[in-house]
Amino acid sequence: MPRSHSILLLALAATTLHAQARVASPDGRNRVTVEVREGKLYYSMARDGHALVLPSLLGFELKGAPPLRDALRITDTTRRSHDEWWTQPWGEVARVRDHHNELAVSVQETAAPGRRFTVRVRAFDDGIGFRYEFPQQPGLGAFEITDELTEFALADNARAWWIPSNWPRKDRSEELYSSGPVSTLDSVQTPLTMETRDGRTFLVIHEANLVDYARMFLRGPRMEGRTLHAALAPMADGIKVRGKTPFETPWRTIQLADRATELAPSLLGLKLNPPNVLARTDWIHPMKYVGIWWGMHIGTMTWSSGPKHGATTANTKRYIDFAAANGFGGVLVEGWNTGWDGDWIANRDAFSFTRSYPDYDLPGVAAYARQKGVRLIVHNETSGGIENYERQLDSAFALYKSLGLDAIKSGYVTDLTSGGDSHYSQVMVRHYRKVIEAAARDGIMLDVHEPMHDTGERRTYPNMMSREGARGQEYNAWSGDGGNPPEHETILFFTRLLAGPMDFTPGIFDILERSSGHAHRPEEPRVRTTLAKQLALYVVLYSPLQMAADLPENYERQPAFQFIKDVAVDWDTTRVLDARIGDYVVVARRERGGQTWFVGAITDEEGRTLSVPLSFLTPGRKYVAEVYADGPGANWLDNPLPVAITRRPVTAASVLRLVLAPGGGQAIRIRPEE
Ligand code: NOJ
């Protein structure tokens, strides 16, 4: 990976007994204080001199040992500054700058056993991160964490956009967002996005570089103040983390911005992950794909064998032909392997990852895809049977490699592992990491559904491309509550998508889902957007693997399909032009290595008209804007299909007037004039 110019100023390693130490971001605006008060360790954070996080406890409860929390004194503080640019092999931006000031505060118990640990803080202009580090020491070897005591004592009763956690049952992040003051939160997932009541600051609590730990949730104050507590997903025996020194926790991060539009692209997590470890990345390709998928969700095909089996050789070849004819990079085939018959969620150990159903000729379709210049995306649903999957990992990946298959969509439909561990426990963190590493070794790109939440792994392993981890399009096919409401994606952009790319699977044109056999009535599950908004989602919801999710026949004779064929999936730069969380978003992105821009605008159930200056274009240059707008009278509820496609010349001085229908959107391709 090309790694640029790096300045490492190792400075001032001072030994001090001060009970307080501070670090500020390079622009001086964000300041973190770490201090000991009456033997307990706290951090706090201010921006422009205004307190955002009040003194918040740091520490741990351990099994069979006293808590690592009391009678602490600061034994050492060290500081350094770091400034480095690098190029992401793919992403929502090409170049990333990691510019921060760091403070490491080491503490020790004054009483026996005199255990030591360090809190390392990094202050960036766009937020902060801190983690715990336990050096190897006589008083602390192997340990079991029963609770991480990290607090986030918010100074303001900020408005939060949240989904519940409440493990062990509801464990898949597939929830609709609510919003309300921090003081009313109970148990929520990260990224947790908040806006202070004066509207001056946006904060996002999340984590980075989760490698061998449990996923962090936040336990709310339940109306008692505004302090959120770290809460770790448990293993079956209630232990949260097993480790031995030397040991580092993931980073706890708080992203900061003055405006909602400045929250994305969110790069803090990438900066807090180690650089790319892959010697070569030229085999990693962002791409658009189609797949044998939506048919199963609307009930016209099955994953299991039988008359409606979707993954047949003939059907797959039809999809490959369609992909090749329309310039798609990949074809996903679900239900190709044995194990789907009966209750596939309960029978998770029955899945084979090498044996296909008799009506699916894996080597044959692999060869056919290769000949057509299309990648076959192999599906590995595990239902959370991770032992079964891990047992087959090497032989399955070897088979795929021998057939030239280099992309997998995996799945983990389960609440608990067979061992009874939470879906987000340390056991699962280790599993997901093991798969990423094995895939990297064998040259396989990953798209993980029901994933571990994204903590920036793609920087270290760029083969970890996309994942789900929120309510995606599939809920519009079968969800008991009718599907995702029109505001859903305007919140996803500012919550789930701040963690990293999402495989939302946009592009359903058959909004009323007639292909299922009948047009869905309003109370039935269906897509709750206009068709133009489905197009805009390709620009708004970033994913390096972007699906055209509908059945191929639903794209036939549809002029709007041209936008899906044209839209890029890899970007040099990304700008959020206008937005209000939960209301609307307008995003512009320039394709990687090119001069063509794409703009996507989406709104909630309210129609709105937005003015968008195109000042991001190169001044003096002439462009053509191809506009896919909601057509006359369009609205998500009873007239979702009209799309008005127009072309007009534009320059950097143009201001576009975007008219978005209720539940609508607009997608625009702006290419330099030939
Ligand atoms: C849930 C995934 O999100 C979906 O995309 C997939 O089709 C099913 N599991 C079956 O694996």
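In the predicted model, six strands form an open antiparallel sheet, ordered β30-β31-β32-β37-β34-β35. Its edges are β30 (571–580) and β35 (643–650), each of which pairs on one side only. Neighbouring strands are turned against each other by 15° on average, direction ignored.

At one side of the sheet order, β34 (residues 623–630) pairs with β35. Eight bridges join these two strands in the antiparallel sense. Within this pairing, Tyr623 stands opposite Val650 of β35.

Helix α11 (residues 531–540) lies across five strands of the sheet. These are β31 (584–591), β32 (597–603), β34, β35 and β37 (665–672). The helix runs at about 125° to β32.

A second helix, α5, covers residues 386–402. Its 17 residues should span 24 Å at 1.5 Å a residue, and the end C-alpha atoms lie 23 Å apart, so the two values agree. Helix α5 nevertheless carries a kink of about 55°, centred on Leu393.

Leu393 is also one of the buried residues of α5. The others are Ile386, Asn388, Tyr389, Gln392, Ala396, Phe397 and Tyr400. In an α-helix, residues three or four places apart point the same way, because there are 3.6 residues a turn. The cover over the buried residues of α5 includes two strands, β25 (375–381) and β26 (407–411), and the helix α6 (426–441). After α5 comes Gly404, with a positive phi near 75°.

Notes. Residues numbered from 1 in each chain as written. Predicted model: local features only at pLDDT ≥ 70, side-chain atom pairs only at ≥ 80, totals over all residues. Heavy atoms only, no water. Pairing = 2+ DSSP bridges. Helix = DSSP H or I, 4+ residues; strand = E, 2+ residues; numbered from the N terminus. Axes fitted to C-alpha atoms, helices over the stretch in contact; angles between N-to-C directions. Contact = heavy atoms within 4.5 Å. Expected span 1.5 Å × (residues − 1). Bend = angle between axes of the 7 residues up to and from the residue. Buried < 20%, exposed > 50% of the residue type's maximum accessible area, 1.4 Å probe, protein only.
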